[in-house]
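Colleague: Could you walk me through this one? I'd like to ask about a few spots as we go.

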Amino acid sequence: MRGHVFALALAGALALVPAGLVHAQGDPLWRSVDISRQLRDSQPQRIRVQYGAGRVDVHGSTDPLLYALHLRYDESRAAPLHQYDAEQRSALLGLESRGQGLRSTGGRDAPGELRLSLPRSVPLDLDLEFGGTAATLELGGLALQSLRLECGATDATLAFTTPNRSRMRELDVNVGAAGFRGAHLANANADEIRVRGGVGSVDLDFGGTWTRDLAVSTRLAVGTLTLHVPADVGVRVDLERVAASFRHEGLVKRDDAWYSENWDTAPHKLRIRAETYFGKIDIQRNAQ
Amino acid sequence: MPTLQRILLAFGFLLPGALGAQSAAPASSTARSTALELERLAKGEGIAGLPPADSVTQGPRSIPAGTTVRGPVVARGPIDVAGTVDGSVVSLAGDVVVRRGGVITGDAVAVGGHILADSGRVEGEMRSMSALPTLLAASTLPAAVPRSASQATFDAVRIVTGVFAMLLVIALGVLLFAGQNLDEVVGTLERRFARAFWVGVSGQLLLLPVLVVLVLALAVSIIGILLIPFAIVAYGIAAAGVVTLGFLAVARLIGGALWHPETATARARSLGALAVGIAIFFVLWLVAALLGWAPLAASVVRAAALAATWAALTLGLGATILSRAGTHRRVASGKRPIELAAWQTPTPITGVIAARRPVAAVKEAR
């Protein structure tokens with residue numbers, strides 16, 4: 001008899017689990033919102049973007065708007081974030097997860113979407129935080145003073161197809177388990193670029209218009225770090241690796257660092273400090 | 001008065017009232033619908049100071065140039081602003097157009113439409129949306145509305161119940177498919193209790209270093225680098241399995257001490273003991289969850305539950321390691337395996353009395 005009671009209790013528990021899962025899933029309530037704010041002046045602004053999961057597209061625009069945000073999201077899981085502090089000249093945009101527990105704003109393949117247009121005429125401090133997203137960030141032509149990009153499980157592409165209009169104090173990229181690609185990074189007009197990664201592949205292309213020397217520090221725990229450097233740029237590489245292979249095309253070792261042959265004569269210099277524990281570091285010289 | 005005349009008179013009195021009621025019905029329905037829409041906007045979009053439903057313009061609305069209107073202006077139709085609106089403008093069905101010289105000092109909101117303000121000025125935010133926010137979802141904005149104590153308690157109870165329901169399901173699976181292993185781990189716990197604890201503590205401390213060594217060992221060989229992600233995942237799964245098996249063994253040991261019917265079969269006893277043991281831990285955590293309204297008491301009970309669970313996990317881990325996940329059966333249960341005793345087979349040597357074979361070993365060999 002007691003055995004039957006336990007069997008029934010277990011059957012009940014088994015029945016509860018899928019019921020609970022169904023309840024947790026819920027039906028999505030897809031909704032689209034367009035949010036924008038007119039530009040009042042061209043004073044510097046700080047814009048912070050938070051987004052959990054879905055597709056992300058950030059680009060520049062000539063429209064007289066401080067920001068133009070398009071969101072497509074599941075209303076049962078997330079709520080739009082759009083706060084603007086006129087005194088601080090700062091905006092917080094994106095999507096925040098509703099409720100508690102393990103619910104998210106959708107998977108990477110969910111049809112959730114964030115599209116953000118930013119003005120080219122306003123100096124910006126841009127702060128981007130993404131969770132599991134497929135992000136395309138075309139930030140060429142903007143006037144970025146600083147850029148901080150933090151990604152979780154993200155396939156992100158950061159590109160500067162046209163030069164940044166301001167001198168960038170810092171460009172800081174922090175990726176978790178992800179694939180990150182930086183394109184035309186010389187156009188970022190930055191003094192220093194920092195890239196930190198957990199597990200994944202990091203591909204940095206230093207094409208674009210070189211206006212000054214550049215220092216790059218990269219740290220990748222496990223994965224492949226590939227750096228594409230134009231042939232006319234002098235390269236110095238300081239390596240720190242545990243069990244990572246190093247492919248150095250045309251670099252020679254002097255003292256503790258690796259140098260390109262044109263290091264002393266090159267008009268612009270790239271100093272790379274690469275730190276990788278397990279994986280591969282690959283430096284490729286491209287024709288400009 | 002003849003009957004027919006009375007009827008006509010009564011009809012004459014009642015008819016206008018009935019007609020009035022008929023025309024009022026759609027009007028009140030529209031008012032209710034508008035009121036609901038305004039509530040959804042106020043809660044979902046955070047627009048304050050929206051007017052009552054009967055102040056909403058039913059249809060298009062225009063603010064001519066040179067005029068100033070005190071907002072918010074709300075219309076069920078497109079809104080054309082050439083003058084000044086001191087406040088927000090909301091169209092419940094249509095576009096909001098701000099002409100040259102037109103000014104909105106608040107937000108411009110369009111439901112099912114667009115904001116066209118290329119030549120006008122909107123000092124607040126411009127928002128256009130495919131649909132109104134859902135009232136239920138809008139009312140649960142996490143930032144604006146903190147969870148009530150009862151909601152927090154309910155959530156905590158739900159999480160605890162869910163976790164233990166899952167544990168019960170896993171326990172059933174272990175009992176069905178790895179019952180012997182569980183028996184051996186329980187046996188190890190009974191016989192090597194103190195040692196299991198210290199081995200468990202050591203196991204916890206070594207969990208991460210062992211993973212690092214494993215990864216380093218794989219990294220040394222070039223081919224092994226490719227296996228590192230798989231090895232990390234496999235190690236995590238194996239560790240979780242070992243810890244779970246150990247915890248279930250402790251739960252069964254405790255449950256068996258409290259629930260041991262003599263008439264039940266071995267399997268029923270094992271199942272019952274496991275369920276009782278899990279229930280004890282469940283009750284501990286459930287009490288902590290139910291005390292959500294009293295943070296101090298909840299913290300004390302939660303600390304006790306945490307300590308008890310850690311002790312169980314440590315003991316279980318140690319016993320599982322000692323018994324090699326219940327596969328090293330003879331050693332785990334303290335019995336010597338047959339092959340270890342069998343080498344003592346007496347060898348007849350002249351002048352030496354043959355050693356007597358141990359009785360237990362002889363019985364086992366048979």
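Colleague: Where does G279(A) lie?

Modeller: G279(A) belongs to strand β16 of chain A, residues 268-286, where helices (H or I, at least four residues) and strands (E, at least two) are DSSP runs, numbered from the N terminus. This is a predicted model, in which local features need pLDDT of at least 70 and side-chain atom pairs count only at pLDDT 80 or more, while totals for chains, interfaces and linings use all residues. Residues are numbered from 1 along each chain as its sequence is written, chains are lettered from A and ligands numbered from 1 in the order in which they are written, and side-chain values use heavy atoms, with hydrogens and water left out.

Colleague: And is G279(A) buried or exposed?

Modeller: G279(A) counts as buried, because its relative accessibility is 15%; buried means under 20% relative accessible area, exposed over 50%, and partly exposed in between, with a 1.4 Å probe and protein chains only. Its C-alpha atom is separated by 6.5 Å from that of S245(A), although the two residues are 34 apart along the chain.

Colleague: Switching to strands, how many bridges join β10(A) to β11(A)?

Modeller: Eleven bridges join β10 (residues 170-183) to β11 (residues 192-205) of chain A, and these strands run parallel; two strands pair if DSSP finds at least two bridges between them. Within that pairing, V175(A) stands opposite G197(A) in β11(A). On to the next strand, β11(A) is joined by 13 bridges to β12 (residues 214-230) of chain A, again running parallel, and there D205(A) stands opposite H228(A).

Colleague: What about the open sheet in chain B, which strand order does it have?

Modeller: The four strands of that open sheet in chain B come in the order β1-β4-β7-β10, with parallel pairing. Strands β1 (61-63) and β10 of chain B stand at the edges with a single partner strand each, so one side of each has no neighbour in the sheet. The pairing of β7 (residues 96-98) with β10(B) is parallel and rests on two bridges, with V97(B) opposite L116(B).

Colleague: Any odd backbone angles, say, what is phi of D255(A) near?

Modeller: Phi of D255(A) is near 55°, which is a positive value in a residue other than glycine. D255(A) sits in the loop between β14 (251-254) and β15 (257-260) of chain A, and is exposed, with a relative accessible area of 72%. A325(B) also has phi near 55°, and is found in the loop between α8 and α9 (329-332) of chain B, where A325(B) is partly exposed at 27%.

Colleague: Which ring does R254(A) lie over?

Modeller: R254(A) lies over the face of Y259(A), at 4.3 Å from the ring centre; a charge sits over a ring if NZ of Lys or CZ of Arg is within 6 Å of the ring centre and within 35 degrees of the ring normal. K269(A) lies over the face of W263(A), at 5.5 Å from the ring centre.

Colleague: How many aromatic pairs does the structure hold?

Modeller: There are six over all chains, where rings of Phe, Tyr and Trp (its six-membered ring) pair if their centres lie within 6.5 Å, and planes under 30 degrees apart count as stacked, over 60 as edge-to-face and the rest as tilted. One of them is the edge-to-face pair of F197(B) and W310(B), at 5.9 Å centre to centre with 90° between the planes. F197(B) lies in helix α5 (residues 193-220) and W310(B) in helix α8 (residues 295-322) of chain B, so the pair ties together parts that are 113 residues apart in sequence. F197(B), W198(B) and W310(B) form one aromatic cluster.

Colleague: Last topic, how much space lies in the largest cavity?

Modeller: The largest cavity holds about 60 Å³, a volume being the space filled by probe spheres set on grid points that are joined across faces, edges and corners. On a 1 Å grid over the protein atoms alone, a cavity is a set of points where a 1.4 Å probe fits but cannot get out, and lining residues have an atom within 4 Å of a point. Its lining includes L185(A), W210(A) and R212(A).

Key:
1 Å grid on protein atoms, 1.4 Å probe; cavity = no way out; pocket = protein on both sides within 12 Å on 5 of 7 lines; lining within 4 Å.
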